[in-house]
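Here are my notes on the model you passed along. I've kept them to numbered points so you can check each one against the coordinates.

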Amino acid sequence: MSQERFREALNLNIFQIISEAAAEIGQETYVIGGFVRDYFLGRNTPKDIDIVTVGNGIALAKKVAQKLPNQPKVSVFKNFGTAMIHAEDMELEFVGARKESYRQNSRKPVVENGTLEDDQNRRDFTINALAISLNPENYGALLDPFEGRKDLQAGILRTPLAPAETYSDDPLRMMRAIRFATQLNFEIELESLQAISAQKDRIQIVSKERIVDELHKIMLAPKPSIGLKLLLETGLLSFLLPELEALLGIEEVEGQTHKDNFWHTLEVVDNISKTTDNLWLRWAALLHDIGKAPTKKFHQKIGWTFHGHEFVGSKMVYRLFKRLRMPLNEKMKFVQKMVRMSSRPIILAQDHVTDSAVRRLVFDAGDHVDDLMILCEADITTKNPKKQRRYLNNFKVVRQKIVEVEERDHVRNFQPPVTGEEIMKAFDLKPSKEIGIIKEAIKEAILEGQIPNEHNAAFDFMMEKGKTLGLTPSKT
Ligand code: CTP
C-alpha cells in the first residue's frame, strides 16, 4: 500500500478500528487528554493520541495493531501498563484506567486498576481530563465530569481534585500549569496558583530534563513572558533561573536609577518571539543581560554601569546550562556568543556607522550576524519614540552595510588570503612569530578597509609589511 493511501486509511478509520478492537476484547475505551483538548480548541490535530481503556491497555494495543494495515510494532512498557503504536506520523498510546495518579515516565509501577472516572480524577487539569467514548453504544459521546469544556471556553486551568493533591501527586504539573497558561493564554485558577506557590520547593524532586522540556515549551510560545511572570510570582523562578530573578528591581543612589533589567528582558523575549521561532535565539534573548546583576556598580560621575556584563554573562550561560543539564554543545556556544556580542550592534548604531566597524562585526559574528541583528532589534525597548526611530534606522543602515561589505570583502567566514606557507616562502622563513605578525597585519588591513580581501592585494601588503619587520625577500 502506498504511503499516501496508508495515511488516508489510518486517519479515516483509526478511532473506528480502536473501537472495534475494544469491543472484541470487551473493554470500555476512550480517547482522552491532549487530543480531545486540542480538538475542541481547534488547534492543529495533534499526532499524539492517548487512549484509555478500562482493563488491559497492552492487550488492546496488540488487538489494534493486528487490525491496522501493515501491522505496526507494539512497544510495551510492562511496568507502567502502557503500550505504544507508532503508525505513520501518529503515536497511539494505550493505558489501562488507573486509580492512582497519572504520572508519565514514573518509575513506580502501576498498581491499581480503576474506572474511567477514577482515571479522570487523577489527571492534571479538567481540560486534559475530557474523554470521548469509542464504545459502540455511545460512540463519540463526551464524558466531562469536571466541566472541562466550560473551562476550555473560559480559558481556565483548574485541577479535577483539590489543587494541593493534584500538584503533590506530581510536582511537574506546576510547570505544566504554567506552560499551558503560556501556550494557550489561559488563566490559572487562583486556588491552583496558591497551591503552586505553597509547594514550589517540591520542584526540586523533578528531573532537570523534564523541567527544561517545559521551559522550552514556554520559551516557544507566542508570548513567553506570560510563563516567565508566573514562574516569578509563584516563586519557582528562584529554583530554576535565579540569575534572571537577580535582575529584578531598580536601585536608586543619589537620585540616579537604572532600568529594571528583569522586566526589560521579558519585553525583549516577547519582541524576539514575534520575529523568530529559533529556540536558542529566544534563550539568548532571555539570558542576554544576566551578567548585569553581578557587574552592577554605581559611579559618582557617570551613574550606573555594568562594565563587562556581556563577557560575565556568557560565562554564566555555561554554568546555567550545566546546572539545568542543557546541552553543552554548539547550541550553548551559540547562546554564549549572542550574549557576548549582544551590545555590539547597539554601540555601532549609536554613532555614525562606519564600514570598518561593520566589517569587524561580520568578522566576529560570522554566520550568526543575522541572528545577532534580530536580537539587537528586539533589545530596543525604549518608550521614547524618537530614540526608538533613531536606533531602528541605524540598524537598517547596519544591515545594509552588512550586505555591501559582505559582497565586497567576504569576511563572514574569513580565510586568510595569503597562507603561512606563502609567507615563509616569500621571506625564506622557518616557522616563527613573524608569520603570525604578518597574518594578523593582513587581517587588520582588510578589516580596516586598507586593502580588499584579495590574494594579490594581500600579497603586496605582505611584502611591504615584511620589509618593515626587517625581513629580506627570498630570491626565488
Ligand atoms: N497527564 C497528567 N499529569 C502529567 C502528565 C500528563 O495528568 N504530569 C495526563 C493529562 O491528562 C494529559 C495526558 O496525560 O493530557 C497526556 O500527557 P502529555 O502527552 O504529556 O501532554 P498533552 O496533554 O497531550 O499535551 P502536550 O502534547 O502539549 O504536551
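**Notes on the ligand site and two other spots**

1. Start with the ligand. There are 15 residues around it, and the ones that come nearest are Arg37, Asp124, Asp170, Arg173 and Arg179. Keep in mind that this is a predicted model.

2. Now the polar contacts to the ligand. Arg37 puts a polar side-chain atom 2.9 Å from a ligand oxygen. Asn128 takes part through its backbone: one of its polar backbone atoms is 3.0 Å from an oxygen atom of the ligand. On the nitrogen side, Asp170 has an N or O atom of its side chain 2.9 Å from a ligand nitrogen. As for cover, the ligand on its own has 560 Å² of accessible area, and the protein covers 89% of that.

3. What is the shell around the ligand made of, by residue class? Charged residues account for nine, polar ones for four and nonpolar ones for two. If you're setting up charges for this site, that split is the line to look at: nine charged residues in the shell.

4. Where does the shell come from? Two helices, α2 (34-41) and α7 (172-184), each supply at least two of its residues. The largest share belongs to α7, with four residues. In domain terms, domain 1 (3-154) and domain 2 (156-240) each give at least three residues to the shell.

5. Next, helix α13, residues 261-275. Its geometry checks out: 15 residues at 1.5 Å a residue should span 21 Å, and the end C-alpha atoms are 21 Å apart, so the two agree. At the start of this helix, a side-chain oxygen of Asp260 comes within 2.8 Å of the backbone nitrogen of Phe262.

6. Staying with α13, its buried residues are a mixed list. Phe262, Leu266, Val268, Val269 and Ile272 are among them, and so are Asn261, His264, Thr265, Asp270 and Ser273.

7. Last, have a look at His288, which sits in the loop between α14 (279-287) and α15 (292-295). Is His288 buried or exposed? Its relative accessibility is 1%, so it counts as buried, the cut-off being under 20%.

8. What does the His288 side chain contact? One partner is the side chain of Asp289, in a polar contact of 3.3 Å. Another is the side chain of Asp379, with a polar contact of 3.2 Å. So much for my notes on the loop.

Definitions and conventions
Residues numbered from 1 in each chain as written. Predicted model: local features only at pLDDT ≥ 70, side-chain atom pairs only at ≥ 80, totals over all residues. Heavy atoms only, no water. Near = heavy atom within 4 Å. Polar contact = N/O pair within 3.5 Å; in protein donor to acceptor, adjacent residues only side chain to side chain. Areas by Shrake-Rupley, 256 points an atom, 1.4 Å probe, with all protein chains shown as cover. Nonpolar A, V, L, I, M, F, W, Y, C, P; charged D, E, K, R; others polar. Domains from an automatic or database assignment. Expected span 1.5 Å × (residues − 1). Buried < 20%, exposed > 50% of the residue type's maximum accessible area, 1.4 Å probe, protein only.
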